[in-house]
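This note sets out points for a colleague who is reading the model alongside the sequence. It is meant to be read with the structure open.

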Amino acid sequence: MSRSNESPVWKLEINGIKLFTKVSATEAQCNVCVDAVTNGPKKIKLTTGNTKVLHDHVSKHPEYKKQLDVLKMQEANQVKAQKGSLDKFLTKGNLQFS
Ligand SMILES: [Zn+2]
């Protein structure tokens, strides 16, 4: 699955270690936290289609949090850039009519 609108939390990776892996539609795992019971990666329950709980969990891992902030900023800049070129296009279009 590589939908372009996927949350940046799934892309967080440091030194080849991905922070989150999707286990199923309703479950993810944190590859950094160790589950006290299974001694394996910690499982995190997901509300379907909602990664808020993962965004909250990232704050437990400051170095990944920093990466998330950078990704979010890049995404915001991309949206801004797309909007900017659209504005330019619209302005150009308007000029033809004036
Ligand atoms: Zn964790």
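The numbered points below go from the overall composition of the model to individual residues.

1. Status and composition. The structure is a predicted model, and every value in this note should be read in that light. The protein chain contains 2 helices and 5 strands. Read from the N terminus, the order of elements is β-β-β-β-β-α-α, with α1 covering residues 52-58 and α2 covering residues 62-97.

2. Burial and contacts across the chain. Of the 98 residues in the protein chain, 12% are buried. Among the contacts with a sequence separation of 6 or more, 30% link residues that are 24 or more positions apart.

3. The sheet. An open sheet is formed by 3 strands, arranged in the order β3-β4-β5 with antiparallel pairing. Its edge strands are β3 (20-24) and β5 (41-45), each of which pairs on one side only. From one strand to the next, the twist averages 35 degrees.

4. The pairing of β3 with β4. Strand β4 spans residues 27-34 and runs antiparallel to β3, to which it is joined by 4 bridges. These two strands form a hairpin, with 2 residues between them. Within this pairing, Ser24 stands opposite Glu27 of β4, and Thr21 has Gln29 of β4 as its bridge partner.

5. The pairing of β4 with β5. Here 5 bridges connect the strands, again in the antiparallel sense. Ala28 stands opposite Ile44 of β5, while Val34 has Pro41 of β5 as its bridge partner. This hairpin has 6 residues between its strands.

6. Thr21 as a point on the edge strand. Is Thr21 buried or exposed? Thr21 belongs to strand β3 and is exposed, because 12 other C-beta atoms lie within 10 Å and a residue with 12 or fewer falls in that class. Leaving aside residues up to four places away in sequence, Thr21 touches Ala28, Gln29 and Asn31. The bridge partner of Thr21, Gln29, is thus also one of the residues that Thr21 touches. In addition, the C-alpha atoms of Thr21 and Trp10 are 7.0 Å apart, although the two residues are separated by 11 residues in sequence.

7. The largest nonpolar core. Which residues make up the largest nonpolar core? There are 10 in all: Val9, Leu12, Leu19, Phe20, Ala28, Cys30, Leu54, Val58, Tyr64 and Leu68. The elements that contribute two or more residues to this core are β4, α1 and α2.

8. Val9 within the core. Val9 is one of the core residues. Not counting residues up to four places away in sequence, Val9 touches Phe20, Thr51, Leu54, His55, Val58 and Leu68. Several of these partners, including Phe20 and Leu54, are themselves listed in the core.

9. Positive phi at Asn15. Most residues other than glycine have a negative phi. Asn15 is not a glycine, yet its phi is positive, near 50 degrees. Asn15 is found in the loop between β1 (13-14) and β2 (17-18). Asn15 counts as exposed because it has 5 C-beta neighbours inside 10 Å.

10. Positive phi at Asn39. A second residue to inspect is Asn39, which has a positive phi of about 65 degrees although it is not a glycine. Asn39 lies in the loop between β4 and β5. The number of C-beta neighbours inside 10 Å is 7, so Asn39 counts as exposed.

Definitions and conventions
Residues are numbered from 1 along each chain as its sequence is written. This is a predicted model: local features need pLDDT of at least 70, side-chain atom pairs count only at pLDDT 80 or more; totals for chains, interfaces and linings use all residues. Two strands pair if DSSP finds at least two bridges between them. Axes are lines fitted to C-alpha atoms, for helices over the stretch in contact, and angles run from 0 to 180 degrees between N-to-C directions. A nonpolar core is a set of buried Ala, Val, Leu, Ile, Met, Phe, Trp, Tyr and Cys residues joined through C-beta atoms within 7 Å. A residue is buried if 20 or more other C-beta atoms lie within 10 Å of its own, exposed if 12 or fewer, and partly exposed in between; C-beta atoms are placed from the backbone. Two residues are in contact if their C-beta atoms, placed from the backbone, lie within 7 Å.
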